Amino acid sequence: MTAIKHALQRDIFTPNDERLLSIVNVCKAGKKKRNCFLCATVTTERPVQVNVVKVKKSDKGDFYKRQTAWALRDLAVVDAKDAVKENPEFDLHFDKVYKWVASSSVEKNTFISCIWKLNQRYLRKKIDFINVSSQLLEESVPSGENQSVAGGDEEAVDEYQELNAREEQDIEIMMEGCEYAISNAEAFAEKLSRELQVLDGANIQSIMASEKQVNILMKLLDEALKEVDQIELKLSSYEEMLQSVKEQMDQISESNHLIHLSNTNNVKLLSEIEFLVNHMDLAKGHIKALQEGDLTSSRGIEACTNAADALLQCMNVALRPGHDMLQAVKQQQQRFSDLREQFARRLASHLNSVFVQQGHDQSSTLAQHSVELTLPNHHPFHRDLLRYAKLMEWLKNTDYGKYEGLTKNYMDYLSRLYEREIKDFFEVAKIKMTGTTREGKKFATLPRKESAVKQETESLHGSSGKLTGSTSSLNKLSVQSSGNRRSQSSSLLDMGNMSASDLDVADRTKFDKIFEQVLSELEPLCLAEQDFISKFFKLQQHQSTSGTTTNEVEEMDGVALSRSYTSGVPQTISSEKDMIRQMMTKIFRCIEPELNNLIALGDKIDSFNSLYMLVKMSHHVWTAQNVDPASFLSTTLGNVLVTVKRNFDKCISNQMKQMDEVKISKKSKVGILPFVAEFEEFAALAESIFKNAERRGDLDKAYIKLIRAVFVSVEKVANESQKTPRDVVMMENFHHIFATLSRLKISCLEAEKKEAKQKYTDHLQSYVIYSLGQPLEKLNHFFEGVEARVAQGIREEEVSYQLAFNKQELRKVIKEYPGKEVKKGLDNLYKKVDKHLCEEENLLQVVWHSMQDEFIRQYKHFEGLIARCYPGSGITMEFTIQDILDYCSSIAQSH
């Protein structure tokens, strides 16, 4: 145990400036025995701190580590369990009860005794020692500072008083004067004693000499007291003389103060009067301008504007406290209020009359725009009204009710004016689209006009009613048989001496130009009106509200305008941009329905027009959003774009539906299917329209849907075909699809192009093999038997010994197929293929060349079997490969 104690002192406590006084080997009661040590320690620095430390042996080595420490002042109870019998168990009550079992009772008693002594020595606190033998507890701690604490392990330190700085300095000086003080302390002490005696004698002599000086000082003090008494008498007489002077000066000071106060009040009164006169006096010229100013001329408007600004400054002057109680101020404020009310009423009346007058002048110019596809220019109207912009701002800040009334009247009038202009404008656009003439009459109503459009369009296309892109002239040509196509095409060519597809392209180009012109006319009209509203009604900037507000929502003919009132002046709750958009929506409420009607008409004329509209509308929406994403124009065009996109999707869906409903003739060959030709037309048209367009992604999605539907429909028709073999239908149509995709180079359909090529190749090979079959049938049967014998295990050179397959039998079969019969069979095959294939795709020579290659392959196969199974027999076919080539070439040329 001693070795452990020294090791713990060296490794754990010495680095922490602690001394180990007692140690006990313990383990926790009731648990698996894991031994540790409880140590009683004190610090070497003052003030001394006493701790109980738990030390545990490390799991990774033979060294010890400090685990837990408790201050002895936190110990409340030491329970030894039994004061009579030897028992190694004991409890220590810190923040909680710790139960321990010592390795021996002796170690436990020694540790408890050390705890008791440390408590008595350093803490003097109440620690309960229960169940502890009285022999372990000493009655009292022995006196004397040198008493040891635990077996003489700690030496007490005498109390001392530390030297201050002055004492240290004096000792150092004294030590420097006596260099021998350290080596000869007795001599140094004697010297100090002698110097002390000399100092005491000097002090006594000084005290004795000072008695005479004290007597002299006392005498001087008596004389000084007499002088002080004389000075006090003189001061008293001076004070009596000054008392009367003080009273006179007080009277003069009070009089001066009253004069200064009067002057100050006069200056302040003059300042207040000047403030009121300067800020609340309106010039006579301004008053006259407000009452009688000319609101029709530019000079009169400028004078009224200056007068209105001056009046507003006078009314908004920040009065000082008490000014509003003056009768003159109240009268002047009432006068200003009357002037404001009178001028606001006169201004509102004049502007309303200007709105009406400008409306009549604008209506008179509508006739010149009724024929051309242009909208009237409102710039002169806006230019004249902008002269009143500052007055409108004044009216907005002073009388919001009249400002709001003018806003309502302007919207009511302009909405009717623009409705007439826009409806006439769209009427002209619809007539130009359909090609009808107005015959100098007023525009027809919409139902009658749509009827005329329908009749005109039906007569133009020769249709019986349904007008879609799929029923265009080109599509009708592809649906009908070749003979009917020629007759139908010739009848359509007589119409304007142009082809049907040219007619469709011309109509669509015309529609595209008209639609673009409509959008190009509407955009500057809306932008100009929005810019005017912003400037005229002063709606460019947001207004900040302060103070207590009450909300009010008012309807302007269906347009909700939210307002809040601050100090009697209403302020818009919503932003200025929302106010502008609300006014634009009210004024141009007819634009969106008219655009939708025009779009419906274009889609009715030709559903392929939706492609043009989607591109144009997308571009204009993109342009408007770049200027202001939340503007009326951007919102309206965005809504219309949704309708156009729906029509575009409907066009795609209709084409897919017509593919499902296509019916083929059972008596004539199929050829290129109508929807395959329609897809070619659609793709060529779409590529020309969507070049560099913003909505290219919508077209790519439509391509994918259409091409997959075309593939499925071709498969369906090929399976249902009775007149034309399935492989021919698949081969011709997928060859046409592949050629179309290769020519148009549509990047999103690269996978479908490869698939079309693969299907075309596969079905071409399948048709060649199926149609060619076995042109040398008996020879094929003969060699099939030869191959069967070889497969059974007979060697090839021994097949000629089989009775059914000897050389004689082979020569008989070969004689049945002379060159003349082979050529005749190939000629019949050519005619058969010619009946199956259509003229449009021109695949006859391709198929014939493939059949020639297949026939030559079979010929080489037969020659190889003869050479292997009948070696040296000299047996050969009665025609050669060159003969086959000559036969095929002559047959192709003859037809």
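A residue counts as partly exposed when its relative accessible area lies between the buried limit of under 20% and the exposed limit of over 50%. In this predicted model, K81 has a relative accessible area of 30% and is therefore partly exposed. K81 sits in the loop between β5 (77–79) and β6 (89–93). Its backbone deserves a second look, for K81 has a positive phi of about 70° although it is not a glycine.

D17 offers another case of this kind. Phi of D17 is near 60°, again a positive value in a residue other than glycine, and D17 lies in the loop between α1 (2–13) and β1 (18–28). With a relative accessibility of 39%, D17 counts as partly exposed. A further backbone feature appears in the loop between β2 (36–43) and β3 (50–57), where P47 is found. The peptide bond leading from R46 to P47 is cis, and its omega is near -5°.

The strands named so far belong to a sheet. Strands of a sheet pair through backbone hydrogen bonds, either parallel or antiparallel. Here, 8 strands form an open sheet with mixed pairing, in the order β4-β3-β2-β1-β7-β6-β5-β8. At the edges are β4 (64–71) and β8 (128–130), each of which pairs on one side only. On average, neighbouring strands of this sheet are turned by 30° against each other, direction ignored. To follow one pairing in detail, consider β1 and β2: they run antiparallel and are joined by 8 bridges. I23, for example, has C39 in β2 as its bridge partner.

Helices lie across this sheet as well. α1 lies across β1, β2, β3 and β4, and runs at about 115° to β1. Helix α2 (residues 105–123) lies across β1, β2, β3, β5, β6, β7 (97–102) and β8, running at about 140° to β1.

Further along the chain, a pair of helices can be examined. Two packed helices are described by the angle between their axes and the distance between the axes. The axes of helix α19 (residues 674–689) and helix α21 (residues 726–744) come within 10 Å and cross at roughly 5°. Because angles under 35 degrees count as roughly parallel, α19 is roughly parallel to α21. On the α19 side, the contact involves V676, F679, E680, A683 and A684. These residues meet N733, H736, I737, T740, L741, R743 and L744 in α21. Sorted by class, this contact of α19 with α21 has 7 nonpolar, 3 polar and 2 charged residues.

Conventions
Residues are numbered from 1 along each chain as its sequence is written. This is a predicted model: local features need pLDDT of at least 70, side-chain atom pairs count only at pLDDT 80 or more; totals for chains, interfaces and linings use all residues. Side-chain values use heavy atoms; hydrogens and water are left out. Axes are lines fitted to C-alpha atoms, for helices over the stretch in contact, and angles run from 0 to 180 degrees between N-to-C directions. Helices (H or I, at least four residues) and strands (E, at least two) are DSSP runs, numbered from the N terminus. Angles under 35 degrees count as roughly parallel, over 145 as roughly antiparallel, 65 to 115 as roughly perpendicular and the rest as oblique. Contact means heavy atoms within 4.5 Å. Ala, Val, Leu, Ile, Met, Phe, Trp, Tyr, Cys and Pro count as nonpolar, Asp, Glu, Lys and Arg as charged, and the others, Gly among them, as polar. Buried means under 20% relative accessible area, exposed over 50%, partly exposed in between (1.4 Å probe, protein chains only). Two strands pair if DSSP finds at least two bridges between them.
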